[in-house]
Structure formats: C-alpha cells, structure tokens
Amino acid sequence: MRKKIAAILTTCFTRSHAEVILPKLIRGFPTDDGIVDSQLNLVSIYLDQIHEEDVCIPFAQKNNIPIYPSIVKALTLGGKKLAVDGVLIIGEHGDYASNKKEQKLYPRRFFFEQVCGLFSTSGHSVPVFNDKHLSYSWDQAKWMYDRALELKVPLMAGS
C-alpha cells in the first residue's frame, strides 16, 4: 500500500526545490535503468506563498491534490485527526527576511512546530523529511532535533 504524504512548502516555481521534487512523488524517480515507480501518494499540500510564476496550483489541480490553508489541515486532510503517513517539508525559496549574515530566515522550524503540535495532540508521529538543512540557526536546528527525539519523530534532512 502506498504511503500518504503531505507536502509543506514555502513556495513553488519552475526549477524550485518543490517543483523538482513533487512530480517525482507522482511520476517516479529517474535512474540509469529507467523510471522507478514512486511508492508514495502525495495527498495534500500546504503552500505558504504563491510565487508570481507559481506552478504548484496547476500541478495540484492536474493531479487532484488539495491545497490546504494551514499545515494542520494538510496533515489531517481537512479533518480532525492525523491522516498521513509522512510529511515532506520544503522550506526553500520565497520572500522571507534575512538576518545580519544575509541568511534567509526560512520558516522551517515554524513549519516543524506546526507538524509536531499535531503529533503531540494526536499521540503519535510519522516520519518527516526536511529538504535542505534544518535551520539557519544552531539553536533552532537543535530545538527541532530535540523535539523530534521527544516525540519519537523519525526525522531526516538533506538536499
């Protein structure tokens, strides 16, 4: 049985991380030996910002994937209980402030906080993949790591 995945995105436009990753969840993954079918079912999306060259909305419409107005709604599929088997957070790109080091302040921790809030109230968690590193800040990354340990969230990050 294919696992149901919720995608939590900052934004999505041509050649953005979201635009590169999401179609693979639908069509499969290219390899040297051809396409490997996806074992996942993208069932919901939360889109934080709509880019002026957005490709997420037509992608979602074409593939009958609902875009929800909140992270919690995306994880519950509009209901009241956790209804997905995994969460993909893509907190890359978008119109966000920068700090003194000129690092973009992507809301990866905020997204993860929302996810963990639902895990905490539901009494169980599901795996979370965070595209890219956890945060621009050691303190925020450490908070995410500690919260994942506390709630027994299988957490992976990378690009």
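Contact, as the word is used here, means heavy atoms within 4.5 Å of one another. The structure under discussion is a predicted model, and the account below moves from its sheet to the residues packed around it, and then to its charged side chains.

The sheet is the natural starting point. Six strands make up an open sheet, arranged in the order S5-S4-S1-S6-S7-S8, with parallel pairing. Its edges are formed by strand S5 (67-68) and strand S8 (155-158), each of which pairs on one side only. In general, the strands of a sheet pair through backbone hydrogen bonds, in either a parallel or an antiparallel sense. One pairing can be followed in detail: strand S6, residues 86-90, and strand S7, residues 128-131, run parallel and are joined over four bridges. Within this pairing, Leu88 stands opposite Phe129 of S7.

Strand S1, which covers residues 3-9, contains Leu9. Is Leu9 buried or exposed? Leu9 counts as buried because its relative accessible area is 0%, and the cut-off for burial is under 20%. The surroundings of Leu9 can be listed once residues up to four places away in sequence are set aside: Leu9 touches Ala18, Leu22, Ile45, Tyr46, Leu47, Asp48, Cys56, Ile90 and Phe111. By way of a longer span, Leu9 and Ser137 are 128 residues apart along the chain, and their C-alpha atoms are separated by 19 Å.

Two of the residues touched by Leu9, namely Tyr46 and Phe111, lead to the aromatic side chains. How many aromatic pairs does a search of the whole structure find? The search finds two. Tyr46 and Phe111 form an edge-to-face pair, with 6.0 Å from centre to centre and 90° between the planes. This pair links distant parts of the chain, since Tyr46 belongs to strand S4 and Phe111 to helix H4 (residues 108-122), 65 residues apart. Tyr46 and Phe111 are both buried.

The other pair is formed by Tyr96 and Tyr106, which are also edge-to-face, at 5.8 Å centre to centre and with 70° between the planes. Tyr96 and Tyr106 each lie in the loop between S6 and H4, 10 residues apart. Tyr96 is buried because its relative accessible area is 13%; Tyr106, at 14% relative accessibility, likewise counts as buried.

The charged side chains come next. Side chains of opposite charge can pair when their charged atoms come close. The count for this model comes to four salt bridges, and three of them are described here, beginning with Glu92 and Arg108. The closest N and O atoms of Glu92 and Arg108 are 2.6 Å apart. Glu92 lies in the loop between S6 and H4 while Arg108 lies in helix H4, so the salt bridge ties together parts that are 16 residues apart in sequence. Both Glu92 and Arg108 are buried.

A salt bridge within helix H4 joins Arg109 to Glu113, with 3.1 Å between the closest N and O atoms. These residues of helix H4 are four residues apart, about one turn of the helix. Arg109 is partly exposed, with a relative accessible area of 21%, and Glu113 is partly exposed at 32%.

Helix H5 provides another example. Lys142 forms a salt bridge with Asp146, in which the closest N and O atoms are 2.8 Å apart. Because Lys142 and Asp146 are four residues apart in helix H5 (residues 138-151), about one helical turn separates them. Lys142 is partly exposed, with a relative accessible area of 33%, and Asp146 is partly exposed at 32% relative accessibility.

Asp54 presents a further case among the charged residues. Asp54 is located in the loop between strand S4 (40-47) and helix H2 (56-62). Asp54 is buried yet has no salt bridge. Where, then, is the nearest side chain of opposite charge? That side chain belongs to Arg27, 14 Å away, whereas a salt bridge requires the nitrogen and the carboxyl oxygen to lie within 4 Å. The side chain of Asp54 does reach the backbone nitrogen of Cys56, at 3.2 Å. Apart from neighbours within four places in sequence, Asp54 is in contact with Cys12 and Leu47. Leu47 and Cys56 also appear among the residues that Leu9 touches, which returns the reader to strand S1, where Leu9 is found.

Key:
Residues are numbered from 1 along each chain as its sequence is written. This is a predicted model: local features need pLDDT of at least 70, side-chain atom pairs count only at pLDDT 80 or more; totals for chains, interfaces and linings use all residues. Side-chain values use heavy atoms; hydrogens and water are left out. Helices (H or I, at least four residues) and strands (E, at least two) are DSSP runs, numbered from the N terminus. Buried means under 20% relative accessible area, exposed over 50%, partly exposed in between (1.4 Å probe, protein chains only). Lys and Arg count as positive and Asp and Glu as negative; His and the chain ends are not counted. A polar contact is a pair of N or O atoms within 3.5 Å; within protein, one must be able to donate a hydrogen and the other to accept it, and residues adjacent in sequence count only if both atoms are side-chain atoms. Two strands pair if DSSP finds at least two bridges between them. Rings of Phe, Tyr and Trp (its six-membered ring) pair if their centres lie within 6.5 Å; planes under 30 degrees apart count as stacked, over 60 as edge-to-face and the rest as tilted.
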